[in-house]
Amino acid sequence: MSGWTADVISGLLIPFAGTAAGSACVFFMKKNLKQNVQRALTGFAGGVMVAASIWSLLIPAMQQAEGMGKWAFLPAAGGFWIGILFLLLLDKVIPHLHMFAEKAEGPKTRLARTSMMVLAVTLHNIPEGMAVGVVYAGMLSGSAEITAGGALALALGIAIQNFPEGAIISMPLRAEGKSKGKAFLDGVLSGAVEPIGAVLTILAASLIVPAMPYLLSFAAGAMIYVVVEELIPEMSAGEHSNIGVLMFSFGFTLMMALDVALG
């Protein structure tokens, strides 16, 4: 696998740039985000991730295995479940604190509340980085199912939903007492795992190209785990509101349109 062009490198950095830009909101907004705004942004992120999992990852995974005939779903199903179990394992071994939650998850720790909030977002960003990495790996390998436009569509979609996520993590950190600079830095660092995960995934895929359908669906499973375990509960927290559902639907539609239009 070769061809690490400027387009590929910039594509891997686009999602990280979205997180950094969103984290910078802490310098321009004086107060914490209202709960309805947080629910709307969380719902939007969930919709983008579900659509990306389907159009950018699972469908290409099944297309790459079409030589198996009616069993073409097996690599996608297997990789999907491995992704689910991988995130379940990380959820159990990494201490973290979700938004609106009072009790931390994972092993007991003396880490500060703010540190566990950052870890929760970092945990959430791991599959997003892997998803971008495996799609660019498929493009670099010459896969007919994954085009440069499709890879860019996924990177842009993840970046768009990372912008509000950056604000969602930096603003509460500021409200918890951190300085604006430290809140911004923590928000940026939570997204740094994405380009790192993307590069590692590309390197792994270059060694085991036949495993591409499994890697694509692995990333999809990991992202769906994040949506169901974290984002849907957060967008539904508090008083009943349909804003999360509406923004989920908008995010889903936007990512679907991006993938079809560019891919």
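## Starting at Leu216

Let's begin with one residue and look around. Setting aside neighbours within four places in sequence, Leu216 is in contact with Ser56, Leu57, Pro60, Ala61, Gln64, Val134, Val135 and Ile146. Keep in mind as you explore that this is a predicted model.

## The nonpolar cores

Leu216 also has a part in something bigger than its own contacts: the largest nonpolar core, which has 52 residues. Which of its members touch the most others? They are Leu57, Val134, Val135, Tyr136, Leu154 and Leu216. Plenty of helices chip in here, with at least two residues each from α1 (6–23), α2 (35–64), α3, α4, α5 (148–175), α6 (180–207), α7 and α8 (243–262). Helix α7 gives the largest share, 14 residues.

There's also a second core, separate from that one, with 14 residues; Val26, Met117, Ile168 and Ala183 are among them. As a bit of background, nonpolar side chains in soluble globular proteins tend to be buried together.

## Ser53, tucked into α2

Now hop over to Ser53, which sits in helix α2. Is Ser53 buried or exposed? Ser53 counts as buried because its relative accessibility is 0%.

What does the Ser53 side chain have for polar company? One of its polar atoms lies 2.7 Å from the backbone oxygen of Met49. If you skip neighbours within four places in sequence, Ser53 is in contact with Leu58, Ala220, Met223 and Ile224.

## Leu262, partly out in the open

Leu262 belongs to helix α8. With a relative accessible area of 37%, Leu262 is partly exposed, because that label covers values between 20% and 50%.

Again leaving out neighbours within four places in sequence, Leu262 is in contact with Thr147, Gly149, Gly150, Ala153 and Leu156. How far is Leu262 from Val134? The two are 128 residues apart in sequence, and their C-alpha atoms are 17 Å apart in space.

## Holes inside the model

The model has 2 cavities of 30 Å³ or more. Let's zoom in on the second largest cavity, whose volume is about 50 Å³. Its lining is made up of Leu87, Asp91, His98, Ala120, Leu123, His124, Tyr225, Val226, Glu229 and Glu230.

Sorted by class, that lining has 5 nonpolar, 2 polar and 3 charged residues. Where does the lining come from? Helices α3 (73–93), α4 (113–140) and α7 (212–235) each provide at least two of its residues. Helix α7 gives the most, with 4 residues.

Definitions and conventions. Residues are numbered from 1 along each chain as its sequence is written. This is a predicted model: local features need pLDDT of at least 70, side-chain atom pairs count only at pLDDT 80 or more; totals for chains, interfaces and linings use all residues. Side-chain values use heavy atoms; hydrogens and water are left out. On a 1 Å grid over the protein atoms alone, a cavity is a set of points where a 1.4 Å probe fits but cannot get out, and a pocket is an open set with protein on both sides within 12 Å along at least five of seven lines; lining residues have an atom within 4 Å of a point. Grid points are joined across faces, edges and corners, and a volume is the space filled by probe spheres set on the points. Ala, Val, Leu, Ile, Met, Phe, Trp, Tyr, Cys and Pro count as nonpolar, Asp, Glu, Lys and Arg as charged, and the others, Gly among them, as polar. A nonpolar core is a set of buried Ala, Val, Leu, Ile, Met, Phe, Trp, Tyr and Cys residues joined through side-chain atoms within 4.5 Å. Buried means under 20% relative accessible area, exposed over 50%, partly exposed in between (1.4 Å probe, protein chains only). Contact means heavy atoms within 4.5 Å. A polar contact is a pair of N or O atoms within 3.5 Å; within protein, one must be able to donate a hydrogen and the other to accept it, and residues adjacent in sequence count only if both atoms are side-chain atoms.
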